[in-house]
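Student: I would like a close look at one part of this model and its place in the whole.

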Amino acid sequence: MTENSEYSPNTNQPAENPPGHREHIDRQLLHSEKMAAIGQLAAGVAHEINNPVGYVYSNLQSLGEYLSDLFRLTDAVESAASIEDLHQIRKSIDYDFLRGDLEDLLAESKEGIERVKTIIAAMKDFSHTEEEEFRYADLHAGIDTTLNLVNNELKYKANIVKAFGELPKIKCIISQLNQVTMNLLVNAAQAIEDFGTITISTWRDGDFVILEVEDTGPGIDATTLNRIFEPFFTTKPVGKGTGLGLSLSFNIIEKHRGEISATSTPGQGTTFRVRLPVHQPQEPADD
Ligand SMILES: Nc1ncnc2c1ncn2[C@@H]1O[C@H](COP(=O)(O)OP(=O)(O)O)[C@@H](O)[C@H]1O
Ligand SMILES: [Mg+2]
């Protein structure tokens, strides 16, 4: 059997930090990681939006031409000398084709705009960082939002398998949990060399919910596994990795009084597990 290691840090902050310092660092990390993530996502999102916007635009041009043809016909109702003239115009504008194409064109445009709306809604959900309120939210809806956003980065790297169980709503800051899911998904996709599978599983465990992201990538050796939650630890080339994704995720999960851990079998893949309480005490987590 190959190595199989598990690492789940207890703390990644020195004990001598003054009170308040921790919170400050978390905010900075949250911000820089968010900026890096947005930078990484921007290209993908631009591409995803550009395609539907492109065909909706060209559809609008065709629509303009079709309308002027149709106006020719309706105007002729007033001015045409005979019904024959009307038939002539109707024929010259290829009315039957125009009618069918109009329907297709409208349906296609509607679909394109819906796609853009979905992406924008996902970006809006995602950028609610100022939101610090714990509220009961649907983790599955959060995962779907995140999948919509990172779809462009994932689809060329992996099949996404969703194995969702029955989950209660959990008290959380959903935008922050979305960021954790995004980090795990993007890491999984980046780890996979050619094409693989990423499985997202959820289930309930008493007063907790579990979220697992499993990939068929190359895995993580034991030495590296000990360091992945450290701020700025990255094995990726400059410009590609910030080394902040997992340390930020760790802090977010800790703030939710949950746990995040990773297990890996080099050569086979990696599984990240997040365990979150369904409820939170009245007071926010503080140390
Ligand atoms: N799914 C994974 N498979 C293999 N290695 C991973 C995976 N997720 C994280 N890692 C390792 O953990 C390191 C830290 O991840 P992260 O904090 O997200 O920073 P970054 O992705 O910017 O490098 C990565 O550089 C990589 O070495
Ligand atoms: Mg990362």
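Which residues of helix 7 are buried?

Tutor: This is a predicted model, in which local features need pLDDT of at least 70, side-chain atom pairs count only at pLDDT 80 or more, and totals for chains, interfaces and linings use all residues. Residues are numbered from 1 along each chain as its sequence is written, chains are lettered from A and ligands numbered from 1 in the order written, and side-chain values use heavy atoms, without hydrogens or water.

The buried residues of helix 7 (a DSSP run of H or I, at least four residues; strands are E, at least two) are Gly245, Leu246, Ser247, Leu248, Ser249, Phe250, Asn251, Ile252 and Ile253. Buried means under 20% relative accessible area (1.4 Å probe, protein chains only). Nine of the 11 residues are buried, so helix 7 is largely enclosed by the rest of the structure. Just after helix 7, Arg257 has a positive phi of about 60°.

Helix 7 also belongs to the surroundings of ligand 1. 19 residues surround this ligand (a heavy atom within 4 Å), and the closest are Asp215, Thr234, Thr235, Lys236 and Thr242. Polar contacts (N or O pairs within 3.5 Å) to oxygen atoms of ligand 1 come from side-chain atoms of Thr234 at 2.5 Å and Thr235 at 2.5 Å, and from a backbone atom of Gly243 at 2.8 Å. The protein buries 94% of the 520 Å² that ligand 1 exposes when taken alone (Shrake-Rupley, 1.4 Å probe). Two or more shell residues come from each of helix 5 (174–191), helix 7 (245–255) and strand 8 (269–277); helix 5 gives the largest share, three.

How values were computed: A polar contact is a pair of N or O atoms within 3.5 Å; within protein, one must be able to donate a hydrogen and the other to accept it, and residues adjacent in sequence count only if both atoms are side-chain atoms. Buried means under 20% relative accessible area, exposed over 50%, partly exposed in between (1.4 Å probe, protein chains only).
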